[in-house]
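Me: Could you take me through one part of this fold slowly, as if I were new to all this? I'd like to see how one helix sits among its neighbours.

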Amino acid sequence: MSISIRINGNQQEVRVDPEKPLLWVIRDDLRLTGTKYGCGVAQCGACTVLIDGVAQRSCITPVGTLNGAEVTTIEGIDGPEAAAVKAAWTDVEVAQCGYCQSGQVMTATAFLRDVPNPTDEEIVDVMTDNLCRCATYTRIRSALRQAADALEG
Ligand code: FES
Ligand code: FES
């Protein structure tokens with residue numbers, strides 16, 4: 001079956017089983033490997049992408065549900081919130097192994113688009129389901145705070 005999706009601003013036609021998870025279409029068919037496989041069951045957040053601007057777990061999203069949808073991966077995320085998040089992530093030196101970090105950045109960026117001036121509690125809440133085996137949680141929260149403050153000006 002041919003599925004039409006926009007990935008990072010490019011219209012793409014993929015001939016795949018509509019039940020195939022978006023994660024594997026992104027990684028295997030489109031060769032965008034910044035999105036990671038962690039658990040495969042929506043528990044870790046490593047596979048997070050934006051679908052029509054909303055942070056979603058690509059590992060449990062059948063590509064057949066996305067006809068016409070706009071998908072953004074770590075390779076294509078942009079705009080002021082993404083720029084602030086990336087700058088803060090670098091400044092705070094959040095990443096250790098880096099494996100979970102694209103999912104973290106996607107969740108953080110979508111959050112700041114929705115909640116431009118978050119409380120520390122809201123930051124903790126939104127990031128709680130993105131797991132990090134290297135336990136970079138304190139730095140993730142610091143970086144998100146820094147990004148939010150930078151956007152505030
Ligand atoms: S790989 Fe999708 S949530 Fe873990
Ligand atoms: S930085 Fe290693 S898993 Fe998060």
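Reply: Here is a walk around helix H3, starting with the helix itself and moving out to its surroundings.

A bit of housekeeping comes before that. This is a predicted model, where local features need pLDDT of at least 70 and side-chain atom pairs count only at pLDDT 80 or more, while totals for chains, interfaces and linings use all residues. Residues are numbered from 1 along each chain as its sequence is written, chains are lettered from A and ligands numbered from 1 in the order in which they are written, and side-chain values use heavy atoms, with hydrogens and water left out.

Helices (H or I, at least four residues) and strands (E, at least two) are DSSP runs, numbered from the N terminus. H3 covers residues 101–114. Its 14 residues reach 20 Å from the first C-alpha to the last, close to the 20 Å expected at 1.5 Å a residue; the expected span is 1.5 Å times one less than the number of residues.

Now, how hidden is H3? 12 of its 14 residues are buried, so the helix is largely enclosed by the rest of the structure. Buried means under 20% relative accessible area, exposed over 50%, and partly exposed in between (1.4 Å probe, protein chains only). Among the buried ones are Gln104, Val105, Met106, Ala108, Phe111 and Leu112. Their cover includes strands S3, S4 and S5 plus helices H2 (80–92), H4 (120–127) and H5 (137–152).

Take the sheet side. H3 lies across S3, S4 and S5, running at about 35° to S3. Axes are lines fitted to C-alpha atoms, for helices over the stretch in contact, and angles run from 0 to 180 degrees between N-to-C directions. Those strands belong to an open sheet of 5 strands with mixed pairing, in the order S2-S1-S5-S3-S4. Two strands pair if DSSP finds at least two bridges between them. The edge strands, each pairing on one side only, are S2 (10–15) and S4 (54–57). Neighbouring strands here are turned by 40° against each other on average, direction ignored. S3 (residues 48–51) and S5 (residues 70–72) pair in the antiparallel sense over 2 bridges, and Leu50 stands opposite Thr72 in S5. Another helix, H1 (residues 22–29), also packs on the sheet, touching S1 (2–7), S2, S3 and S5.

Next come the helix neighbours. The axes of H2 and H3 come within 9 Å and cross at roughly 135°. That makes H2 oblique to H3: angles under 35 degrees count as roughly parallel, over 145 as roughly antiparallel, 65 to 115 as roughly perpendicular, and the rest as oblique. From H2, the contact is made by Glu81, Ala82, Val85 and Trp89, and the residues from H3 include Gln101, Val105, Thr109 and Arg113. Contact means heavy atoms within 4.5 Å.

H5 joins in too. Its buried residues pack against H2, H3 and H4, and Ile140, Ala143 and Leu144 are among them. Ala143 and Thr90 are 53 residues apart in sequence, yet 8.5 Å apart in space, C-alpha to C-alpha. Thr90 is found in H2 and is exposed, with a relative accessible area of 58%. Just after H5, Gly153 takes a positive phi of about 80°.
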